[in-house]
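Open the model in your viewer and show it as a cartoon with side chains available on demand. The stops below say what to select and what is there.

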Amino acid sequence: NKYSDPSDDLIKLDRKLGEYAYFAEKTVYIDSFKNFTGAQMKIIERIITQADEVTFSFLFDKELSGDGELFSNVAATVRHIMAIAKKHGVECAEPEILSDNHYNSEAIRVLERALLADSSAIFEENTDDVAVISAPDKYGEAELVCREIRRLVREEGYRYRDFLIVARHDEHYRTAVEH
């Protein structure tokens with residue numbers, strides 16, 4: 001009782017969900033995960049057995065989901081979740097895989113393919129849709145981004161709320177941005 005391990009919280013939650021059907025008569029959406037720990041899967045199993053409906057959303061590319069491919073861990077997670085549902089007699093809809101028709105720019109679509117796995121992806125036309133900029137360090141990157149946003153606000157009529165900065169590991173940039 002003196003020491004608390006945060007990983008025990010999920011075990012405690014699993015026990016509580018066994019006693020009390022918190023997710024009964026609820027619809028649950030689980031979004032933006034690649035995989036789950038064993039303890040998280042136990043919670044998901046409770047949710048699946050209690051909720052009226054559970055919807056999962058995964059970043060997935062069917063072409064890159066084979067063994068050793070980029071999305072193989074996501075494919076394994078989907079199979080595991082479907083096996084849990086089947087084990088409990090919960091009906092599963094067929095997974096719906098959205099096509100990549102959401103791009104407004106062919107250059108951005110090609111860039112994504114190149115970054116994910118297809119190093120042969122080439123876009124040979126001139127475009128303003130993608131800019132590759134080199135900076136000496138994270139402080140230089142943050143400065144370049146902030147300078148470009150300020151320029152677009154002053155010169156081209158954008159508003160600050162028009163921008164979203166995305167970084168895979170934002171904690172690496174926190175000090176640079178706050179600086």
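The tour goes from the whole chain to one helix, then to a core, a few single residues and a pocket.

**Whole chain**

Keep in mind throughout that this is a predicted model. Colour the chain by secondary structure: six helices and two strands should appear. Followed along the sequence, the pattern is α-β-α-β-α-α-α-α. Of the 179 residues in the chain, 19% count as buried. Now consider contacts between residues at least 6 apart in sequence: 55% of them join residues at least 24 apart.

**Helix 2**

Select residues 38-50, which form helix 2. Does its length fit its residue count, or what should the 13 residues span? At 1.5 Å a residue the expected span is 18 Å, and the end C-alpha atoms lie 19 Å apart, so the two agree.

Next, show the side chains of Met-41, Ile-43, Ile-44, Ile-47, Ile-48 and Gln-50, the buried residues of helix 2. To see what they pack against, add helix 1 (8-19), strand 1 (27-31), strand 2 (53-57) and helix 3 (72-87).

**The largest nonpolar core**

Stay in this region and select Phe-23, Val-28, Phe-36, Met-41, Ile-44, Ile-47 and Ile-48. These residues have the most contacts inside the largest nonpolar core, which has 14 residues. Strand 1, helix 2 and helix 3 each give two or more residues to this core. Helix 2 provides the largest share, five residues.

Centre the view on Phe-36. Setting aside neighbours within four places in sequence, Phe-36 is in contact with Ile-30, Met-41, Ile-44, Phe-58, Thr-77 and Ile-81.

**Two buried residues with polar or charged side chains**

Select Asp-14, which lies in helix 1. Is Asp-14 buried or exposed? With a relative accessible area of 16%, Asp-14 is buried, because the cut-off for buried is under 20%. Beyond residues up to four places away in sequence, Asp-14 touches Lys-42, Ile-43 and Arg-46.

Move to Gln-50, found in helix 2. Gln-50 has 15% relative accessibility and therefore also counts as buried. Which residues does Gln-50 touch, not counting those up to four places away in sequence? They are Leu-17, Tyr-20, Ala-21, Tyr-22, Phe-23, Ala-24 and Glu-25.

**Glu-25**

The last residue in that list, Glu-25, is the next selection. Glu-25 sits in the loop between helix 1 and strand 1. At 70% relative accessibility, Glu-25 counts as exposed, since exposed means over 50%. Check its backbone as well: phi of Glu-25 is near 60 degrees, a positive value in a residue other than glycine.

**The largest pocket**

Finally, turn on a surface and find the largest pocket, which has a volume of about 2,000 Å³. Select Ala-131, Val-145, Leu-164, Ile-165 and Val-166; of the 35 lining residues, these are the closest to the centre of the pocket. Helix 4 (106-116), helix 5 (138-156) and helix 6 (174-178) are the elements that give two or more residues to the lining. Which of them gives the most? Helix 5 does, with nine residues.

Colour the lining by residue type to end the tour: the lining of the largest pocket divides into 23 nonpolar, two polar and ten charged residues.

Key
Residues are numbered from 1 along each chain as its sequence is written. This is a predicted model: local features need pLDDT of at least 70, side-chain atom pairs count only at pLDDT 80 or more; totals for chains, interfaces and linings use all residues. Side-chain values use heavy atoms; hydrogens and water are left out. On a 1 Å grid over the protein atoms alone, a cavity is a set of points where a 1.4 Å probe fits but cannot get out, and a pocket is an open set with protein on both sides within 12 Å along at least five of seven lines; lining residues have an atom within 4 Å of a point. Grid points are joined across faces, edges and corners, and a volume is the space filled by probe spheres set on the points. Helices (H or I, at least four residues) and strands (E, at least two) are DSSP runs, numbered from the N terminus. Ala, Val, Leu, Ile, Met, Phe, Trp, Tyr, Cys and Pro count as nonpolar, Asp, Glu, Lys and Arg as charged, and the others, Gly among them, as polar. The expected span of a helix is 1.5 Å times one less than its number of residues. Buried means under 20% relative accessible area, exposed over 50%, partly exposed in between (1.4 Å probe, protein chains only). Contact means heavy atoms within 4.5 Å. A nonpolar core is a set of buried Ala, Val, Leu, Ile, Met, Phe, Trp, Tyr and Cys residues joined through side-chain atoms within 4.5 Å.
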